[in-house]
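Please walk through the helices, loops and side-chain contacts of the structure shown here.

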Amino acid sequence: MRDRFRDLEGPLAIRKKDVVLMATVSSFEGLAHPTRSELRQFAELFMPLFQASSDEARRQAVAALSQSKTIPPAVALFIGSQPIAIAAPFLTASQAIDDDILIIIARSQGTAHARAIVSRDSLSPKVIDALVALRHAEPRQTAPAAVAEEPAEALALPPTDASMEAADFVERLASEEAMRERIKGLARHLGRNDGNRLGLRTLSDIQEALLVRFARAREAESFATALADALSASRWLAERIMLDLSGQQLAMTLTSLGMGFLDAVFVLERLYRHLAEPQHNVTRAWMVLDALDPEECHQRVEAWRRADSYTYKPEDQARTEQAAASAPNAVRQVPPARDIRIVGRR
């Protein structure tokens, strides 16, 4: 733990602004039901003080505000747009951010902020739809590297509840990433080059994170929606794939889409309980995925997608075709000339 007396060596002006910032946050936390005027005053005071304070004071302020039930929207957007090392606890824990602000932050700040939003305990359908629609082309290692910068600096913080939760989240994320790399190393021993996906349909970071999240919560409906979006196919095809209780079709689909081996194992184990049973020191899900050939999986999934595009018609298209088919019968009032019979007098 850092020696707190070393703070006396810092510039006096900065230390005073840190004290004023924390005093402002503490006084705002003491308001059970802040009025509109109090919210406006806090927003006007907080942002200039935040920018003039030290990084340590900023982290303490963000950790404290992460537990507040009411925050001005401008302040929520301001904090959520900070670097991920500061904004991560706020994005993952704060219940005072509305859906519109979460969507703005996810769209404007990049993959690291979107991953922090995905890790929230609950997400509304509106936010989920926005996250599914995102397409991030950044390398997969960018987000963990950005979040991994947090623990080294977070050690200087006092042990608050929010900082401890953020540290646990980062530690869990680092552990999962290390396990992923270990599995990828084992898979490379089999001579497969899973990283070469030129020209193949590939999951984005957000799509993969959403699929893992929905599988962890066993939300089959949301998982089917995200899978259909990843395949650019109908929901009917995604549901048909999931209805294969052996898990073979979903395993082939995840392999074709390029999901990480460890993530695919986790998804199969959560959605199909029998695949979580141990077999030869690994689980049955591991054995199913290990036996698949990526090229064959890609060919099979593309065949399913082509068949789906031939057979599935959106409701709007079906209504248009039905209206076009019934229009001639409704509009036709005068028979063609060849159908007219001229009857003369006898």
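**From a loop serine to the helix packing**

Ser234 sits in the loop that connects H13 and H14. The model is a predicted one. With a relative accessible area of 5%, Ser234 is buried, because that value falls under the 20% limit. Leaving out residues up to four places away in sequence, Ser234 touches Ala228, Asp308 and Tyr312.

Ser232 belongs to the loop between H13 and H14 as well. Its relative accessibility is 49%, so Ser232 counts as partly exposed. The phi of Ser232 is positive, near 55 degrees, in a residue other than glycine. Most residues other than glycine have a negative phi. Arg218 is another residue to look at here: it is not a glycine, yet its phi is positive, at about 55 degrees. Arg218 is found in the loop between helix H12 (205-216) and helix H13 (220-231). At 35% relative accessibility, Arg218 counts as partly exposed.

The next step is the packing of H14 on H18. Helix H14 covers residues 235-242 and helix H18 covers residues 294-311; their axes come within 10 Å and cross at roughly 135 degrees. That angle makes H14 oblique to H18, since only angles over 145 degrees count as roughly antiparallel. The crossing of H14 past H18 is right-handed. On the H14 side the contact involves Trp236, Leu237, Arg240 and Ile241, and these meet Trp304, Arg305 and Asp308 in H18. By class, the residues of this contact between H14 and H18 are 4 nonpolar, no polar and 3 charged. Asp308 is thus a residue of the H14 contact with H18 and is also touched by Ser234. The spacing of the H14 residues can be read against a general property of helices. An α-helix has 3.6 residues a turn, so residues three or four places apart point the same way.

H13 can be followed inward through Leu227, which lies in that helix. At 0% relative accessibility, Leu227 counts as buried. Not counting residues up to four places away in sequence, Leu227 touches Leu211, Ala238, Met242, Leu250, Thr253 and Leu257. For one of these, Thr253, the separation along the chain is 26 residues, and the C-alpha atoms of Leu227 and Thr253 are 9.2 Å apart.

Thr253 leads on to H15. Helix H15 spans residues 248-256 and is mostly covered, with 7 of its 9 residues buried. The buried residues of H15 are Leu250, Ala251, Met252, Thr253, Leu254, Thr255 and Ser256. Which helices do the buried residues of H15 pack against? They pack against H13, H14, helix H16 (261-271), helix H17 (284-290) and H18. H13, H14 and H18 have already appeared above; Leu250 and Thr253 of H15 are among the contacts of Leu227. After H15 comes Gly258, with a positive phi near 80 degrees.

Elsewhere in the chain, Ala112 is placed in helix H7 (residues 111-118). Its relative accessible area is 12%, so Ala112 is buried. The C-alpha atoms of Ala112 and Asp205 are separated by 9.8 Å, although the two residues lie 93 residues apart along the chain.

Another helix pair is formed by H4 (residues 73-80) and H5 (residues 84-93), whose axes come within 8 Å and cross at roughly 130 degrees. That makes H4 oblique to H5. Ala76, Ile79 and Gly80 in H4 meet Ala87, Phe90 and Leu91 in H5. The residues of this contact divide into 5 nonpolar, 1 polar and no charged.

The last topic is the aromatic rings. The structure holds 6 aromatic pairs. In one of them, the rings of Phe28 and Phe42 have centres 4.0 Å apart and planes at 15 degrees, so the pair is stacked. This pair links distant parts of the chain, with Phe28 in helix H1 (residues 12-29) and Phe42 in helix H2 (residues 36-52), 14 residues apart. Phe28 and Phe42 are both buried. Ring pairs also join Phe28, Phe42, Phe46, Phe50 and Phe78 into a cluster.

Terms used. Residues numbered from 1 in each chain as written. Predicted model: local features only at pLDDT ≥ 70, side-chain atom pairs only at ≥ 80, totals over all residues. Heavy atoms only, no water. Axes fitted to C-alpha atoms, helices over the stretch in contact; angles between N-to-C directions. Helix = DSSP H or I, 4+ residues; strand = E, 2+ residues; numbered from the N terminus. Parallel < 35°, antiparallel > 145°, perpendicular 65-115°, else oblique. Left-handed = near helix turned anticlockwise from the far one by under 90°. Contact = heavy atoms within 4.5 Å. Nonpolar A, V, L, I, M, F, W, Y, C, P; charged D, E, K, R; others polar. Buried < 20%, exposed > 50% of the residue type's maximum accessible area, 1.4 Å probe, protein only. Phe/Tyr/Trp six-rings, centres within 6.5 Å; stacked < 30°, edge-to-face > 60°.
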